[in-house]
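Please read the structure below alongside the text that follows. The aim is to go from the whole chain down to single residues.

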Amino acid sequence: MSFKHFVRDSWLTASYYTGLSQLYQALRGRKRGIVCYHNVLPISTLPPFDTYNVDATAAVFDKQLAFLKKHFRVLPIQELDNSDKPGFFLTVDDGMRNNHEILAPILAQHDLTALFAVCPAMIDGELPHIWRDHLFLLFHQANDIKWLPDGITHSYTGVNALTRAIKKYVYQHQIADVYGLVREICEKNDWLYAPYTDDPLRYQFMDWDQVRDLHNLGHRIAAHTMTHRVLRFLSADEKRYELAESKKQIENQLNSAVDTLVYPYGSMAEIDQATVNMAEEVGYQTALMNVQQHSLQKPAFTHPRFAFPPIADSPHLHGIVSGYKFLFRVA
Ligand SMILES: [Zn+2]
């Protein structure tokens with residue numbers, strides 16, 4: 001740990017136990033917030049290769065929920081559109097199998113409900129994985145890499161760094177057909193373009209029965225686009241397809257209206273004003289991003305969210321929820 005982190009962490013701990021961060025929360029902190037989760041896994045420690053920091057162990061998730069309930073008000077997800085009420089909401093992205101089998105039962109123990117954002121093309125098995133997960137899994141299994149896109153070399157230390165380099169390539173070249181790129185990487189390396197079958201809780205998607213079950217348990221289902229591509233790089237027609245078709249297919253499966261969109265990735269690198277406008281145009285009432293500050297118009301379609309790192313200690317969690325931690329940004 002760096003000295004700067006040590007100073008910040010000590011300060012957060014002292015502030016928490018002296019009541020200073022609670023005071024900050026009362027005076028200036030967040031009164032309302034939306035927390036973003038992805039995967040909750042029945043393991044005691046996370047593997048060292050969690051590329052995107054989106055996994056939590058079941059024990060840590062349980063402690064984080066207990067923390068939120070103790071210090072703040074966690075509201076039923078059906079009240080998400082009631083924008084005046086102070087409190088916090090829980091959301092879960094991507095629709096992996098652990099959501100139904102591990103995460104939802106822990107929510108039930110705490111008597112909480114959440115919003116689950118799912119991609120119909122993934123549930124229907126039209127694509128084996130979200131492209132970034134797929135690249136990570138392909139590199140992870142590869143004995144030898146014969147071909148990579150222009151400008152990308154093997155000289156990265158580890159699979160995480162190589163996956164990040166490809167992600168950077170996709171963003172630099174604004175690649176709309178990102179699944180075409182994954183297929184090309186597979187073909188040129190003689191790798192099978194197929195789902196990875198180990199660790200189904202982490203890497204396989206829920207089926208429609210499981211999604212319907214969550215809906216029937218009082219959770220809310222949101223669209224997360226059809227294929228989880230980067231919306232900013234898509235044409236107007238492709239944007240419309242991703243947003244409208246996912247809404248329609250989930251509505252048909254649930255026999256119930258879907259009025260919430262969760263943008264994939266959710267930062268300014270992935271969402272432009274045209275995307276936000278399209279969300280309204282195709283009939284959503286609410287859309288959620290992942291950042292706190294942005295320059296987009298239409299507040300109902302750019303709700304911020306925040307995520308917890310996979311930790312359970314109260315001083316840090318309190319610092320994140322209140323916004324207090326962000327007063328002490330360290331590089
Ligand atoms: Zn996602």
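The paragraphs below take up the chain as a whole, then a metal site, helix pairs and several individual residues.

The model is predicted. The chain contains 13 helices and 8 strands. It has 331 residues, and 53% of them count as buried. Among contacts in the chain with a separation of 6 or more, 71% are between residues 24 or more positions apart.

The zinc ion is a convenient place to start. Its protein donors are D94 through OD, H224 through NE2 and H228 through NE2, and they lie 2.1 Å from the ion. Written as a sequence pattern, the spacing of these donor residues is D-x129-H-x3-H. Two of them, D94 and H228, are 134 residues apart and link distant parts of the chain. D94 sits in the loop between β4 (87-93) and α4 (97-109), while H228 sits in the loop between β6 (220-223) and α11 (236-254). Both D94 and H228 are buried.

Helix α4, which follows the loop of D94, also holds N98. Is N98 buried or exposed? Its relative accessibility is 0%, so N98 counts as buried. Leaving out residues up to four places away in sequence, N98 touches H38, N39, V40, L41, L103, L201 and R202. One of these partners, L41, is 57 residues from N98 in sequence, yet the C-alpha atoms of N98 and L41 are 6.5 Å apart in space.

Two helix pairs can be considered next. The first consists of α7 (residues 159-172) and α8 (residues 178-189), whose axes come within 11 Å and cross at roughly 135°. Angles over 145 degrees would count as roughly antiparallel and those from 65 to 115 as roughly perpendicular; α7 and α8 are therefore oblique to each other. Their crossing is right-handed. On the α7 side the contact is made by I166, Y169 and V170, which meet V178, L181 and I185 of α8. Sorted by class, the contact of α7 with α8 has 6 nonpolar residues, with no polar and no charged ones.

The second pair is α11 and α12 (residues 273-281), with axes that come within 10 Å and cross at roughly 50°. That angle makes α11 oblique to α12. The crossing of α11 past α12 is right-handed. Here A236, K239, R240 and L243 of α11 meet A274, T275, M278, A279 and E281 of α12. By class, the residues in the contact of α11 with α12 divide into 5 nonpolar, 1 polar and 3 charged.

The loops on either side of β7 (260-262) each contain a residue with an unusual sign of phi to note. N255 lies in the loop between α11 and β7, and its phi is near 55°, a positive value in a residue other than glycine. Y265 lies in the loop between β7 and α12; its phi is near 65°, again positive in a residue other than glycine. Which of the terms buried and exposed applies to N255? With 72% relative accessibility, N255 counts as exposed. Y265 has a relative accessible area of 14% and is buried.

The last region to follow is helix α13 (residues 314-322) and the loop before it. Of the 9 residues of α13, 8 are buried, so the helix is largely enclosed by the rest of the structure. The buried residues are P315, H316, L317, H318, G319, I320, V321 and S322.

F308 is in the loop between β8 (286-288) and α13. Because its relative accessibility is 8%, under the 20% limit, F308 counts as buried. What is F308 in contact with, leaving aside its neighbours within four places in sequence? The residues are V35, Y37, Q64, L68, L317, I320 and V321. Among them, L317, I320 and V321 also appear in the list of buried residues of α13. V35 is 273 residues from F308 along the chain, and the C-alpha atoms of F308 and V35 are separated by 7.7 Å.

Notes
Residues are numbered from 1 along each chain as its sequence is written. This is a predicted model: local features need pLDDT of at least 70, side-chain atom pairs count only at pLDDT 80 or more; totals for chains, interfaces and linings use all residues. Side-chain values use heavy atoms; hydrogens and water are left out. Axes are lines fitted to C-alpha atoms, for helices over the stretch in contact, and angles run from 0 to 180 degrees between N-to-C directions. Helices (H or I, at least four residues) and strands (E, at least two) are DSSP runs, numbered from the N terminus. Angles under 35 degrees count as roughly parallel, over 145 as roughly antiparallel, 65 to 115 as roughly perpendicular and the rest as oblique. A crossing is left-handed if the near helix is turned anticlockwise from the far one by less than a right angle, and right-handed if clockwise. Contact means heavy atoms within 4.5 Å. Ala, Val, Leu, Ile, Met, Phe, Trp, Tyr, Cys and Pro count as nonpolar, Asp, Glu, Lys and Arg as charged, and the others, Gly among them, as polar. Donors are N, O and S atoms within 2.8 Å of the metal (3.2 Å for Na, K and Ca); water is not among the atoms, so sites may look incomplete. Buried means under 20% relative accessible area, exposed over 50%, partly exposed in between (1.4 Å probe, protein chains only).
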